[in-house]
Amino acid sequence: MPDSPARGAPTPGPELPAGRTPGRHFEPDLRRMTRIQLRPIASPMPLGFYAVAIASTVVGCLQLGVFEDGSQRAVAFAILPAFVLQLLVALLAFGARDVLAATLMSCFSGMWLATSLVLALQPPGGTRVLGVLYAVFSLFALMAAGVAARKRALWLVLCVAVPRFAVAAAHQLTGVSWLGTASGALGLLLAAVAMYTAFALLLEDMRGVEVLPVGRGGPARAAVEGDLAVQLRDLERQAGVRRTL
C-alpha cells in the first residue's frame, strides 16, 4: 500500500502560478466579461467659451469706464451666471474625458464667482485679494497653454487670458489707473477670441465639418476625424476605469 499522509499533516494544495504568494485570493481574468459603457453628449465647449466672452466683456467695460460710477454691484450680478454656466461645462467636460478643458473651465468658474462676490460685497482688502487670485490664475493659464498646443482654439484663448489676468493682477495690487485701462482692453480682446471660438465650434458641431478654422492638430484632430478605434484607444487606462486616479 502507498504511504498515506500523516494524521494532522496539511494536505498539499495545487501549485501556485509564478509570481503569486500563498494566502492571497485572486479573481479570475474578467477581461472577456468586462464591458465599458460610453454615453455620447453634446459638446459643452461653445457654452463655456461664450461664458468667458460675456463675462470678460462686462468686466472689461467696467475697467474702461463705460459704466457709470457705483455700478460694481450690477456688474457682479451680471457675471454671476458665468460661474454657473462654466461649472456646468466643467462637469460635462469631466464626463467627456477632457481633463484639460474641464480643469480650465472649473478654474474660470471659480474666478468669476470670487470676482462677483468681491464686487458685490466689497469686503476690506478685497481688491488686493483679487490681485493675488488673478496672478495665480495667470500663472496656471500659462502652464496650461504649454500643454494645449494641439488644441489651437483653446491655446489662443489661454494666450490672451495670460496677459489679461496678469495685467489685472498688477492693477489690483498697485492701483495704477492705466493698468486698469490696459486690463479692460485685453478683456475685450479675450472676449472677441472666446466668442469666435464658441461660434466656430458651434458651426462645426451643427454641420459636422470644420467651417471656421480652429487649428486642431495631432491627437486633437485624430479625436475628431478618427474612427471608433481611435476614440477607444487606451480606454482601460483612463480615469474612471483604472482603480486609482
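# Exercises on helix α5 and its surroundings

Leaving out residues up to four places away in sequence, Leu158 touches Leu104, Ala141, Ala144, Ala145 and Ala148, where contact means heavy atoms within 4.5 Å. The model is predicted: local features need pLDDT of at least 70, side-chain atom pairs count only at pLDDT 80 or more, and totals for chains, interfaces and linings use all residues. Residues are numbered from 1 along each chain as its sequence is written, and side-chain values use heavy atoms, without hydrogens and water.

**Exercise 1.** Determine which residues of the largest nonpolar core touch the most other members, and which helix gives the most to this core.

*Solution.*
Step 1. A nonpolar core is a set of buried Ala, Val, Leu, Ile, Met, Phe, Trp, Tyr and Cys residues joined through side-chain atoms within 4.5 Å; buried means under 20% relative accessible area, exposed over 50%, and partly exposed in between (1.4 Å probe, protein chains only).
Step 2. The largest core holds 48 residues, and Phe49, Phe108, Trp112, Leu158 and Phe165 touch the most other members.
Step 3. At least two residues each come from α1 (45-63), α2 (72-95), α3 (99-121), α4, α5 and α6 (177-207); helices are DSSP runs (H or I, at least four residues), numbered from the N terminus.
Step 4. The most is given by α3, with 11 residues.

**Exercise 2.** Classify the ring pair Phe137 and Phe165, and state what the pair ties together.

*Solution.*
Step 1. Rings of Phe, Tyr and Trp (its six-membered ring) pair if their centres lie within 6.5 Å; planes under 30 degrees apart count as stacked, over 60 as edge-to-face and the rest as tilted. The count by this rule is 6 aromatic pairs.
Step 2. For Phe137 and Phe165 the centres are 5.0 Å apart and the planes stand at 75°, so the pair is edge-to-face.
Step 3. Because Phe137 belongs to helix α4 (residues 126-147) and Phe165 to helix α5, the pair ties together parts that are 28 residues apart in sequence.
Step 4. Phe137 is buried at 6% relative accessible area, and Phe165 is buried at 1%.
Step 5. Ring pairs also link Phe108, Trp112, Tyr134, Phe137 and Phe165 into a cluster.

**Exercise 3.** Identify the residues that line the largest cavity, and the helices that supply at least two of them.

*Solution.*
Step 1. On a 1 Å grid over the protein atoms alone, a cavity is a set of points where a 1.4 Å probe fits but cannot get out; lining residues have an atom within 4 Å of a point.
Step 2. The whole structure contains 1 cavity of 30 Å³ or more, and the largest cavity has about 40 Å³ of space. A volume is the space filled by probe spheres set on the points, which are joined across faces, edges and corners.
Step 3. The lining consists of Phe49, Val52, Leu104, Met105, Phe108, Leu154, Val157 and Leu158.
Step 4. At least two lining residues each come from α1, α3 and α5.

**Exercise 4.** Describe the setting of Gln172: is this residue buried or exposed, and which residues is it in contact with?

*Solution.*
Step 1. Gln172 is located in helix α5 (residues 152-174).
Step 2. With 16% relative accessibility, Gln172 counts as buried.
Step 3. Neighbours within four places in sequence aside, Gln172 is in contact with Thr127, Arg128, Leu130, Gly131 and Tyr134.
Step 4. Gln172 and Val129 are 43 residues apart in sequence, yet 8.2 Å apart in space, C-alpha to C-alpha.

Technical notes:
On a 1 Å grid over the protein atoms alone, a cavity is a set of points where a 1.4 Å probe fits but cannot get out, and a pocket is an open set with protein on both sides within 12 Å along at least five of seven lines; lining residues have an atom within 4 Å of a point.
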